[in-house]
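Below is a short exchange about strand pairing and helix packing in one protein chain. The coordinates come first.

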Amino acid sequence: MKNVTIIPKNADLEKYKLKNVTPHWNLSPEELQRITLEKGMGVETENGTLAVNTGKFTGRSPQDRFIVKDNYTKNRVWWGKINKPIEPLQFDILQNEIVKYLSGKEIFVRDAAVCADPKYRTDVRTITEYPWSNMFVANMFLRLEEKDLENFEEEWLVLCAPGYVCPSPETHGIRQGNFSILNFTKKIALVGGSAYTGEIKKGVFSALNMILPTDKNVLPMHCSANVGDDGNTAIFFGLSGTGKTTLSADPDRKLIGDDEHGWTSENRIFNFEGGCYAKVIDLTEEKEPDIFRAIKPGAILENVVFKKGTKEVDYMDSSITQNTRVSYPINHIDNIQVPSFADNPKNIFFLTADAFGVLPPVSKLTPGQAAYHFISGYTAKVAGTEAGITEPVPSFSACFGAPFMPLHPTVYAEMLSEKMQEANVNVWLINTGWSGGPYGVGSRIKLKYTRAMITAILKGDLDNVDYDMHPIFGLFMPKYCPNVPTEILDPMNTWLQKGAYISKAINLAHSFHLNFEKFANEASQQIMEGGPLIDEHHHLDHM
């Protein structure tokens, strides 16, 4: 991008009631990095990449996320622990507080877009207090041509003021001094009191998760996607740590995007974003070559630590947080689809890191099972990832992205089922976790085997092999897969004691059933039948 600052024709900040501000419009990432360093808000690594510290918050704060409850949202949003309501008046007061706080300051304005399919493109203006928050938006949102910037009119506005901490949260209807709030009627996202950049990204993503299915008949998905030379697209769903970014970066396929996509009624998959926001804890060039090489000038590292006395990043050091991150524009990766959308989704992968060692490394799902596992969004937290966890713990996040889903999970699941059936898509459950026993006893399934399974599926090698049915989960397990040892395909074979395997599998099946109870009254018969075959009323003598 050339170092030209393009100010749109209607560059009027008065309309937001911002007074006496010194605005910087659409500065280049180089310029924003220079200002960040001058202000002492970041340092450069040995290769010139900007590294910043996000302060008190090194991750999202899900309990401080609110949606304005008004005529548009009140009967649509799935209100509860995840989607907490706030009154329109309280939003207006907080918006005025942030505007007052930003007035008189130097601010950074970024005009960009989300949704790579031109039919669904949504223009977003982001006004930030910090230069590096603005650089993050330049990395993560879609960069526009000069003519688009000149005539820019935003559809959504993001106001980001990490330095504003609400002094009296109770009176404003919030929990503590920081907040992320979406107002669908005003089309404004507020981020206050937290410098964690993911709040900006996930705020806009949450807004799209409401608007696209409700108003545009597009299914929003928390997934990565890539496309082969044959034009067949693959989609990878999975929670953090299951391999979404790793497995979608395939040297033989072009990356569409690594985190957030829409699936249109025209059967096209498009990236919401123009960048990647990857975890870098324990990063090595050998394990994650694409991410490692993308960390160069233009990228922003968050909350990393340097090796003593050097400017070399120590990716093993989690002393600030386990959630160390990098954001970079997608063109820092070589093998990408430009523009970032493609047709013909043919395979969907649900990735789970099953730390109980119960689920097969690869299984094929029926439409009912696919909807059931999609709503469940299962993985397992491993000892050491969170304080107090010593044994694996099942972790369920509806639609593999519950914290960002304003609608009831069954809305997304029914849409997914319909689209799968229309497009004749195969859905696969891939366990990237343990085999031969739970965490601490068994071992992690080798990445090269997981890659071989995915390659075999994409080539059609599993279309004509025989399958066995898992006795407890009802999943269909291939009896053969090229370049994968046959004995690991049925997980029971990998355990020394079959009885121990069965009791662990029944326990996990039970966790699935318990978790699903809260969705049961909204789910169809077909979805209900997609769950494990065994519940507390069935014992093994029925099998």
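The questions and replies that follow concern a predicted model.

Me: What is the strand order of the open sheet of 5 strands?
Reply: The pairing in this open sheet is mixed. Strand S2 (43-44) and strand S16 (275-279) are the edge strands, each pairing on one side only. Read across the sheet, the order is S2-S3-S17-S20-S16.

Me: Which residue of S20 is the bridge partner of isoleucine 300?
Reply: Strand S17 (residues 300-302) and strand S20 (residues 325-329) are joined by 3 bridges. The two strands run antiparallel. In S20, isoleucine 300 is partnered by serine 327.

Me: Is strand S12 (residues 233-238) largely enclosed or largely open to the outside?
Reply: In a regular strand the side chains alternate between the two faces of the sheet. On one side of S12, Thr233, Ile235 and Phe237 are buried, and on the other Ala234, Phe236 and Gly238 are buried too. With 6 of the 6 residues buried, S12 is therefore largely enclosed by the rest of the structure.

Me: Which glycine in the turn between S11 and S12 has a positive phi?
Reply: Strand S11 (residues 219-227) runs antiparallel to S12, with 5 bridges joining them. One bridge pairs serine 224 with phenylalanine 236 in S12. The two strands form a hairpin with 5 residues between them, and the residue in the turn with a positive phi of about 80 degrees is glycine 231.

Me: In which sense do S12 and strand S22 (residues 345-352) pair?
Reply: The bridge partner of glycine 238 in S22 is leucine 351. S12 and S22 share 6 bridges, and the sense of the pairing is parallel.

Me: How is helix H3 (residues 131-140) oriented to helix H5 (residues 198-215): oblique or roughly parallel?
Reply: Two packed helices are described by the angle between their axes and the distance between the axes. Here the axes of H3 and H5 come within 10 Å and cross at roughly 45 degrees. An angle under 35 degrees would count as roughly parallel. The crossing angle therefore makes H3, relative to H5, oblique.

Me: How many nonpolar, polar and charged residues does the contact of H3 with H5 have?
Reply: H3 passes H5 in a right-handed crossing. From H3, the residues in contact are Ser133, Phe136, Val137 and Met140, and they meet Gly198, Ile200 and Lys201 in H5. By class, the contact of H3 with H5 has 4 nonpolar, 2 polar and 1 charged residues.

Technical notes:
Residues are numbered from 1 along each chain as its sequence is written. This is a predicted model: local features need pLDDT of at least 70, side-chain atom pairs count only at pLDDT 80 or more; totals for chains, interfaces and linings use all residues. Side-chain values use heavy atoms; hydrogens and water are left out. Two strands pair if DSSP finds at least two bridges between them. Helices (H or I, at least four residues) and strands (E, at least two) are DSSP runs, numbered from the N terminus. Buried means under 20% relative accessible area, exposed over 50%, partly exposed in between (1.4 Å probe, protein chains only). Axes are lines fitted to C-alpha atoms, for helices over the stretch in contact, and angles run from 0 to 180 degrees between N-to-C directions. Angles under 35 degrees count as roughly parallel, over 145 as roughly antiparallel, 65 to 115 as roughly perpendicular and the rest as oblique. A crossing is left-handed if the near helix is turned anticlockwise from the far one by less than a right angle, and right-handed if clockwise. Contact means heavy atoms within 4.5 Å. Ala, Val, Leu, Ile, Met, Phe, Trp, Tyr, Cys and Pro count as nonpolar, Asp, Glu, Lys and Arg as charged, and the others, Gly among them, as polar.
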